Amino acid sequence: MDTFILITITGIGLGALFFLVASGLSLIYGLMGVLNFAHGTFLVVGAFSGLWISTKVFATANTWTFLGAMVFGGIAGGIFALIVERLVITRLYERHIEQALVTVGVALVAGATLSGWFGNDPRLLPTPHWFINTVTVGKAFVPVDRFLYIGASIVLYIVLASILRFTRIGLIIRAGVENRAMVGALGINVRLAFSAVFFMGGFAAGLGGVLVGAYQNGVTPLMSGSWLIYGFIVVVVGGMGSLGGSALAALLIGVVDQFTNYYMPGLGDFVIVFLLAAVLLTRPQGLLGKVGR
Amino acid sequence: MLRWKYSRPLLGLLLLIMAVGPMLSFGILREPGIQQTLAVAFLYGALALTYDLLFGFTGLLSFGHALFFAAGAYITAILIDSYRWPWYFAIPTAVIVSAVLAVLVGSASLRTKGITFAMVTLAFGEAGHVVISRNFGSLTNGENGLPINAERVPGIFIGVVNTKYLFWLALAVLIFVYAAIWWVTQSPAGRVFSALRDNEVRASVLGLNATRFKLLAFVIAGTLASVIGAAMLLVSGNAAPRYADANTTIALLLMVILGGAGTRWGAAVGGILYSIASTRLQDLNQGKALASLPKIISGPLSEPAFILGLLFIFIVMFAPGGLSGAYYRLRMRYLQRDKSTSGSL
């Protein structure tokens, strides 16, 4: 039983990290139809920014500096995403394949730049000392950092959902996901919503990058690739453009991955792809996706 | 006609030089290092051609194409090394297994379209990469790759003095793949592929089963890729996990975009140039050329992906059609100028 609790909570923690990567991908795709291969780069930019501020500015590691690094990483990821959107993506307006291709190019160039500057060896991200503690849940000893990942994702989910639900820009985004041409025809500036979505997605990915750096005990430019692919899988399983779908799929995939890796070591990734194939064969639009998208 | 009248004789001359070059007692083609680099480049040119069939001719943006390339290399290597099959049974078996794999992956992925298809194929490709790099069933030797047992390969493909046979093998594979892609794209089915790329709804209204034709293109491209994978196993001497990497498919995409999608020769030239460029740029990295620059500039410049990625962004944004597109634009301008000066319109 205690193993069950431990694996479940660890799986939810991993799912929380998946959600941070996938939420932005899903919104960007849902609103703009852009398959954003540069999203893994947003994660790495956030992670390195968090690393920079924790080692060069704060120089100590406590709860507040780590929270500061998370927010700083998020803002850096968001600003980088905004730059990418303004510089290259808007120039290929409505040409979806070219937009996807150009994000591949951005990912290559940014990845090579970061590798050239920092090398590919993982750099240790300073974390508060309580990160190595465990708490007792039932009879299980659960690493306490898992709760931070879960908490951060819940807060981010609430913030993103509230922005989408209660603000004017959120209204435009939701309307744009439904029918972008109509929103534009009504004289509403959809471009602004594009930028907002890129910033929010970049923020989530950048914040996720700092947490992934803590989770993997190191920050390296190489982490963009694998996390991007997990993000894609989560988005496809959850349904494009659906924030709730991404959250649900991220949880499902995190938990399934951890259970598989416990009972059949090394097979977690394989089972995830199997799950993806099963979802596609039975529900091609994803768990919470709309038909015909 | 946009084709230059001398292009075919020139191509024949080039092929003749390539074919006899390694036998001559002079010229750079007799150096084994050059032969090896060119052999790898020819195989990537051929692989880019198979990707052009998918992306350029049929409009399928697949990110899992490397899976079949790796399957050809790995299945051949496993059958030869672990099961002690002779190579002439191992390679056809590997190709057939890869074709079956392409049918399975294709029929699952083709339930989706466009960008979703890209994501799904990416996931399948990555699953293959995971299986290989995690040493699934202790067959693939994990991250280290699987070297081929030299005793079980025909002797003419082993040793530095025999590199010229590998060179000819790669050239033959390139010509074979080119001929196969040419035949496929000229066939009635190939016209359906292009029709699906240009307007799927209209092709479907004409009574053509879109999914079945796309699956056909997917399987042809995957099967040819596995043939190239088996050849790459012989040329490079081992099956490496990076063959299955998503980065390999992304490199194929770069090659096709660089050369120009949907023109066949563009993809082949793009693949050959890309392969040579990335090898040369790596040498540049090891050399002293960049040592005098500050690290903030030399660091990115020493990564081939930096320059190739910038080139890629430039082509996508400002020069769609790549090399072949630029060539045809120049040719068009030249022909028009010709007409206007002679006044024989």
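# A guided tour of chains A and B

Among contacts in chain B between residues at least 6 apart in sequence, 76% join residues at least 24 apart. The model on screen is predicted, and this tour begins with chain B before passing to chain A.

**Stop 1: chain B as a whole**

Select chain B and colour it by secondary structure: 14 helices and two strands should appear. Viewed along its principal axes, the C-alpha trace of chain B occupies a box of roughly 70 × 55 × 45 Å. The radius of gyration of chain B is 21 Å, which agrees with the value near 20 Å for a compact globule of 345 residues.

Next, display the surface of chain B. The exposed area is about 16300 Å², and 66% of it is supplied by carbon and sulfur atoms. Of the 345 residues in chain B, 51% are buried. To see the charges, select the 25 positive and 12 negative side chains of chain B; the centres of these two sets lie 11 Å apart.

**Stop 2: B:Leu252 in helix α10**

Select residues 246-259 of chain B, which form helix α10, and centre the view on B:Leu252 within that helix. Is B:Leu252 buried or exposed? B:Leu252 counts as buried because its relative accessibility is 0%, and the cut-off for burial is under 20%.

Now show the residues around B:Leu252. Apart from residues up to four places away in sequence, B:Leu252 touches B:Leu47, B:Ala48, B:Tyr51 and B:His65. For a view across the chain, draw a distance from the C-alpha atom of B:Leu252 to that of B:Ala150: the separation is 29 Å, and the two residues are 102 apart along the chain.

**Stop 3: B:Thr163 in helix α6**

Move to helix α6 of chain B, residues 163-186, and select B:Thr163 in this helix. B:Thr163 has a relative accessible area of 6% and is therefore buried. Which residues are in contact with B:Thr163, once its neighbours within four places in sequence are left aside? They are B:Pro32, B:Gln35 and B:Gln36, so a selection of these three with B:Thr163 brings the whole set into view.

**Stop 4: salt bridges of chain B**

Side chains of opposite charge can pair when their charged atoms come close. A search over all chains of the structure finds five salt bridges.

Select B:Arg197 and B:Asp198, which form one such bridge with the closest N and O atoms 3.0 Å apart. B:Arg197 is partly exposed, at 34% relative accessibility. B:Asp198 has a relative accessible area of 57% and counts as exposed. Then select B:Lys113, B:Glu200 and B:Lys214: salt bridges with shared partners join these residues into one network.

**Stop 5: chain A as a whole**

Hide chain B and select chain A, in which there are 11 helices and two strands. Followed from the N terminus, the elements of chain A run α-α-α-α-β-β-α-α-α-α-α-α-α. The C-alpha atoms of chain A fill a box of roughly 60 × 45 × 35 Å along the principal axes. How does the radius of gyration of chain A stand against what 293 residues would give in a compact globule? Chain A has 19 Å and the globule value is near 19 Å, so the two agree.

With the surface of chain A displayed, the exposed area comes to about 11800 Å², of which carbon and sulfur atoms supply 69%. Buried residues account for 57% of the 293 in this chain. Contacts in chain A between residues at least 6 apart in sequence join residues at least 24 apart in 77% of cases. Chain A carries 15 positive and 9 negative charges, and the mean positions of the two groups are 11 Å apart.

**Stop 6: salt bridges of chain A**

Select A:Glu85 and A:Arg86, whose closest N and O atoms are 3.3 Å apart in a salt bridge. How is each partner placed with respect to the surface? A:Glu85 is buried, with a relative accessible area of 0%. A:Arg86, at 42%, is partly exposed.

Finish at A:Arg146 and A:Asp145, where the side chains meet in a salt bridge with an N to O distance of 3.1 Å. Here A:Arg146 and A:Asp145 are both buried.

Key. Residues are numbered from 1 along each chain as its sequence is written. Chains are lettered from A and ligands numbered from 1 in the order in which they are written. This is a predicted model: local features need pLDDT of at least 70, side-chain atom pairs count only at pLDDT 80 or more; totals for chains, interfaces and linings use all residues. Side-chain values use heavy atoms; hydrogens and water are left out. Helices (H or I, at least four residues) and strands (E, at least two) are DSSP runs, numbered from the N terminus. The radius of gyration is taken over C-alpha atoms; the globule rule is 2.2 Å times the number of residues to the power 0.38. Buried means under 20% relative accessible area, exposed over 50%, partly exposed in between (1.4 Å probe, protein chains only). Contact means heavy atoms within 4.5 Å. Accessible areas come from the Shrake-Rupley method with a 1.4 Å probe; for residues, only the protein chains shown count as cover. Lys and Arg count as positive and Asp and Glu as negative; His and the chain ends are not counted. The place of a charge is taken as NZ of Lys, CZ of Arg, CG of Asp or CD of Glu. A salt bridge is a side-chain nitrogen of Lys or Arg within 4 Å of a carboxyl oxygen of Asp or Glu.
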